[in-house]
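The following paragraphs lead through a predicted model, moving from enclosed space to the surface, then to charged contacts and the backbone. Please keep the sequence and the structure in view while reading.

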Amino acid sequence: METTTKPNPLIEAMFKAGAHFGYTRSRRHPSVKPYLWGVKNKIEIFNLEKTSESLEEAGLFVKDIARNGGVILFVGGKQESQDIVRKAAESIEMPYIAGRWLGGILTNFSQIRKQVSAYEDHLSKREKGEFVKYTKMERLLLDRKIERMHKLFSGLVPLKDMPAALFVIDPRREHIAVSEAQAKKIPVIALCGSDCNLKDVEHAMPGNDASIASISFFVDTIIKAFKEGKSVKSQ
């Protein structure tokens, strides 16, 4: 009598999102080899069974952080991830960097926090109409300054203290963020393409870090885990 293997919904969802696609073998980092299934059309393919295990483990870690009231700093500078990371972080009121990482966010936190506070102060004064005392040209210059500060600091407004963890899309690209986290002993959760060093992060999820569909899937899964952890905390 034949037995049929029950489909794994998580693996099927990852496959549908294209999470199994890596890069060419020439770009592969040695640490990724155990997580690969094979090669198709010169593109290395991730073993999604192993990726699902890593994703589930990362999800449990995220739930624990949320349950304990911790903060996760979301980091996604590459073009494909910026909107996804921003919208996801905002949906759970978490801080984010959806663009270039600002050196010193973790290693020089107090100074960065002062700049974020200055940005908030400028916004508050403008909303209260305190800029009316300035000339038209001065107001224009202040508006331009606020716009520059908005691009740099708006995502960091919720970050009042050091985060409990970082969630990073492509730690190879975000190596400065990862190195700062390592220096401050802050754990990193990361979606890692086949060119990433998995040993650089504590909770690596090997998968496609280059497509919008795949990035969205992993980010959505982490957001779901955070919400579940937070709901337990509120009960």
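In this predicted model, the search for enclosed space yields 1 cavity of 30 Å³ or more, and the largest cavity has a volume of about 30 Å³. Its lining consists of I105, F109, I112, R113, V116, L156 and L159, a set that divides into 6 nonpolar residues, no polar residues and 1 charged residue.

On the surface, a nonpolar patch is formed by M137, L140 and L141, which together offer about 280 Å² of accessible area. M137, one of these residues, belongs to helix α5, which covers residues 136–153, and it counts as exposed because its relative accessibility is 52%, where the cut-off for that class is over 50%.

The charged side chains can be taken next, and the count of salt bridges comes to 14. One of them joins D195 and R27, with a distance of 3.3 Å from N to O. D195 is placed in the loop between β7 (188–192) and β8 (203–206), and R27 in the loop between β1 (21–24) and β2 (36–40), so this pair ties together parts that are 168 residues apart in sequence. The two partners can also be described by their accessibility: D195 has a relative accessible area of 7% and is therefore buried, while R27, with a relative accessible area of 41%, is partly exposed. This contact belongs to a wider arrangement, in that R27, R172 and D195 are linked in a network of salt bridges.

A further salt bridge is made by the side chains of K78 and D170, at 3.1 Å from N to O. The pair links distant parts of the chain, with K78 in the loop between β4 (72–75) and α3 (82–91) and D170 in the loop between β6 (165–169) and α6 (175–183), 92 residues apart. Both K78 and D170 are buried.

What is the setting of the salt bridge between K125 and D121? The closest N and O atoms of K125 and D121 are 3.3 Å apart, and both residues lie in helix α4 (residues 109–127), 4 residues apart, which is about one turn of the helix. K125 counts as partly exposed because its relative accessibility is 34%, and D121 is likewise partly exposed, with a relative accessible area of 36%.

The backbone adds a last point of interest, and here D170 returns. Its phi is near 65°, a positive value in a residue other than glycine, and D170 is found in the loop between β6 and α6. With a relative accessible area of 7%, D170 falls under the 20% cut-off and is therefore buried. K185 also has a positive phi, of about 60°, although K185 is not a glycine. The loop that holds K185 runs between α6 and β7, and K185 counts as exposed because its relative accessibility is 75%. D170 thus combines a positive phi with a buried position and a salt bridge to K78, whereas K185 combines a positive phi with an exposed position.

Key. Residues are numbered from 1 along each chain as its sequence is written. This is a predicted model: local features need pLDDT of at least 70, side-chain atom pairs count only at pLDDT 80 or more; totals for chains, interfaces and linings use all residues. Side-chain values use heavy atoms; hydrogens and water are left out. On a 1 Å grid over the protein atoms alone, a cavity is a set of points where a 1.4 Å probe fits but cannot get out, and a pocket is an open set with protein on both sides within 12 Å along at least five of seven lines; lining residues have an atom within 4 Å of a point. Grid points are joined across faces, edges and corners, and a volume is the space filled by probe spheres set on the points. Ala, Val, Leu, Ile, Met, Phe, Trp, Tyr, Cys and Pro count as nonpolar, Asp, Glu, Lys and Arg as charged, and the others, Gly among them, as polar. Patches are made of residues with over 30% relative accessible area and no salt bridge: like charges are joined within 9 Å, nonpolar side chains (Val, Leu, Ile, Met, Phe, Trp, Tyr) within 5 Å. Accessible areas come from the Shrake-Rupley method with a 1.4 Å probe; for residues, only the protein chains shown count as cover. A salt bridge is a side-chain nitrogen of Lys or Arg within 4 Å of a carboxyl oxygen of Asp or Glu. Helices (H or I, at least four residues) and strands (E, at least two) are DSSP runs, numbered from the N terminus. Buried means under 20% relative accessible area, exposed over 50%, partly exposed in between (1.4 Å probe, protein chains only).
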